[in-house]
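The following paragraphs lead the reader through a molecular structure, beginning with a single residue and moving outward. Please keep the sequence and the model in view while reading.

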Amino acid sequence: MLNRLPPLKESPSQTAGPYVHIGMTPSLEGIGGPNQPDLGSGPIVAGDGPRITIAATIHDGSGAPLGDAVVELWQADSDGVHRQGWGRAACDGAGAFAFDTVKPGRVIGPDGRPMAPHVSLWIVARGINMGLQTRLYFDDEPAANADDPVLGRIMDPRRRQTLIAIRSEVDGRPRYDLAIRLQGEGETVFFDF
Amino acid sequence: MSTIPPYGDEGQLYQRDRAWHPPADTPGYKSTALRAPRQALLALGQTKSELTGPTFGHGIIQPLDNDLIRNFSQDGSEAIGQRMIVYGQVLDENARPVRGTLVEFWQANAGGRYRHKREGYVAALDPNFGGCGRAITDDNGYYHFRTIKPGAYPWPNGGNDWRPAHIHFSVFGHAFAQRLITQMYFEGDPMIWQDPIALAIPDRAAVEQLIARLDRYNTTPMDALAYRFDIVLRGRRSTLFENRMEGN
C-alpha cells in the first residue's frame with residue numbers, strides 16, 4: 001500500500017534536564033537500589049574482537065566541559081551485525097566519558113556497500129532540547145573512511161574530521177579519543193537520521 | 001542478505017518533523033545558548049546503525065521498579081505525597097503499539113526536590129522517595145507505574161522561573177533513531193504555559209501532547225488518582241510489496 005499521512009505525531013522531545021542521572025545512571029545519585037550496576041554500564045558485549053577503549057570529551061560553545069551529559073552508544077558487533085552492542089555513560093566533571101568495547105565490523109550502507117566501522121552516539125543533557133545524534137569513526141581505517149557514504153555526505157572535508165577518533169595505545173590496548181564540540185569552532189557534525 | 005535491496009524507502013522511519021519538536025536554540029531556556037549546534041543537522045536516511053536498537057527483557061525489571069511509592073523506602077514507610085497511577089500506551093506514528101520496549105521515568109518528590117547532588121532547592125528530601133523507576137511495555141504497548149505527584153520547583157533561568165509539575169520519560173522503541181526523551185505534564189496546570197522548557201515547543205498542540213489526562217476510571221478508590229500519558233515514537237514507512245516486518 002502507499003503511505004498515507006501517519007495518523008499520529010511523534011511526541012515532542014524535551015530536555016533530559018540536569019537531573020537525568022536519577023533516571024539513567026541512578027547509582028551515581030545513590031539510588032540504584034536493586035538495579036545495580038546501572039543499565040548500560042560496564043563492558044559492552046559486541047562479539048569476539050579485541051577490546052578497545054572509546055574515550056571522548058564534550059564541550060559547549062564557550063569551551064566549557066559538559067559535566068552533566070549522558071551519552072548512549074550503539075554499535076555493530078565485530079562481524080558487522082547489530083545485536084546488543086549498547087552502553088550508557090555519564091560525563092565526569094571534565095566532560096569526559098568512556099566505553100569499554102570492541103571495534104565494530106562494517107555495516108551495509110545506504111547504497112548496499114559496507115560503511116566504515118563506526119559507533120552511533122546519542123547525547124542528552126540540560127540545555128539540549130532534543131538528543132543529539134552523531135557517529136564516531138576510527139582513524140586507523142583511512143581507506144574505509146575515504147569510501148564511507150555518510151562521511152562522504154559531509155561537504156566540508158574538515159568537518160569530517162570531527163567524527164574521526166584518534167588511536168593511541170594505553171597499556172597495550174587500543175584507545176580512540178574524540179573531542180565532541182556542541183557549538184562553534186570545530187563543531188561536531190550532528191545528524192538528522 | 002535478502003534479494004531485496006537493503007535500503008530504499010522500505011522500513012525507513014518517517015522523517016522527523018523538526019518543526020513539531022523544540023529547536024535546539026530556544027532563548028527562553030538559557031542553557032540552550034551554548035549547547036545548541038550552529039550548523040544545520042545533516043539529514044540522511046537510516047541504515048542498520050539507526051534502524052536497529054537495543055532490546056531489554058523482563059529479566060532486568062525488579063518487582064518494585066514501577067512503584068516509586070515504595071521502591072526507595074528506607075524504613076518501611078511509603079513516600080509522602082498525592083498518590084497516583086501513571087499509565088499509558090507507547091505507539092508509533094502509524095498508531096501501532098510499541099511492544100516490549102523499555103520506559104524509564106524520574107521525577108522530583110512531592111515538595112519539588114530532586115534526590116541529586118547538584119540540586120539546590122530548599123524543599124526537604126523525603127527519606128523514602130528516590131524518584132526513579134522503569135517498566136517494559138506489554139503486548140498492547142502499555143506501561144504503568146505508581147508514584148506521588150511531583151511538586152513544582154524554582155530553577156535558575158529567569159529571576160523567578162518555576163517548572164510545572166512534571167515527570168521525565170526515556171523511551172527506547174526498537175530502533176536507535178526512535179530514541180526519545182520527553183516530559184509529562186499534568187492536565188489543568190496553568191504553569192505549563194509559563195514554562196520556558198515546555199514553551200520551547202513552538203506548537204501549542206504539540207505541548208498538549210505532553211499533558212497527561214486525569215482518568216477517573218482507573219483510579220484506585222481511597223488510594224490513588226490516575227493519569228493517562230500516551231507516548232508516540234517515530235513510525236516506519238510501508239512498502240508497495242509489504243512484507244509485514246517486525247515493527248512495521
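Which residues does A:Ile123 touch, not counting residues up to four places away in sequence? In this predicted model, the partners of A:Ile123 are A:Ile58, A:Ala69, A:Val71, A:Ile128, A:Gly131 and A:Leu132. One of these partners, A:Ala69, shares a further property with A:Ile123: together with A:Val124 and A:Ala125, these two residues touch the most other members of the largest nonpolar core. That core contains 107 residues. As a general background, nonpolar side chains in soluble globular proteins tend to be buried together.

The view may now be widened to chain A as a whole. Chain A holds four helices and nine strands, and along the sequence these elements follow the pattern α-β-β-β-β-β-β-α-α-α-β-β-β. The radius of gyration of chain A is 17 Å, close to the 16 Å that the globule rule gives for 193 residues, so chain A is as compact as a globular protein of that length. Along the principal axes, the C-alpha atoms of chain A fill a box of roughly 55 × 45 × 35 Å. Burial is counted for 47% of the 193 residues of this chain. Among contacts in chain A with a separation of 6 or more, 67% join residues that stand 24 or more positions apart.

Attention next turns to the place where the two chains meet. Chain B contributes 76 residues to the contact, and chain A contributes 63 residues. On the side of chain B that touches chain A, at least two residues each come from strand 1 (42-43), helix 1 (48-51), strand 3 (102-106), strand 8 (166-171), strand 9 (180-186) and strand 12 (231-233). Strand 9 of chain B gives the most to this side, with four residues. Sorted by class, the side of chain B that touches chain A comprises 36 nonpolar, 24 polar and 16 charged residues.

The two chains are also joined by strand pairing. Strand 9 of chain A (residues 191-192) and strand 1 of chain B run parallel and are linked by two bridges. Within strand 1 of chain B, B:Ala43 is the bridge partner of A:Asp192.

A record adds an annotation to chain B. An unreviewed UniProt entry places the feature "domain: Protocatechuate 3,4-dioxygenase beta subunit N-terminal" at residues 14-47 of chain B. In the model, the end C-alpha atoms of this span lie 13 Å apart, and the span is 0% helix and 6% strand.

Note on methods:
Residues are numbered from 1 along each chain as its sequence is written. Chains are lettered from A and ligands numbered from 1 in the order in which they are written. This is a predicted model: local features need pLDDT of at least 70, side-chain atom pairs count only at pLDDT 80 or more; totals for chains, interfaces and linings use all residues. UniProt positions are given in the numbering used here, feature names are shortened, and annotations may be inferred rather than shown by experiment. Two residues are in contact if their C-beta atoms, placed from the backbone, lie within 7 Å. Ala, Val, Leu, Ile, Met, Phe, Trp, Tyr, Cys and Pro count as nonpolar, Asp, Glu, Lys and Arg as charged, and the others, Gly among them, as polar. Two strands pair if DSSP finds at least two bridges between them. A nonpolar core is a set of buried Ala, Val, Leu, Ile, Met, Phe, Trp, Tyr and Cys residues joined through C-beta atoms within 7 Å. A residue is buried if 20 or more other C-beta atoms lie within 10 Å of its own, exposed if 12 or fewer, and partly exposed in between; C-beta atoms are placed from the backbone. The radius of gyration is taken over C-alpha atoms; the globule rule is 2.2 Å times the number of residues to the power 0.38.
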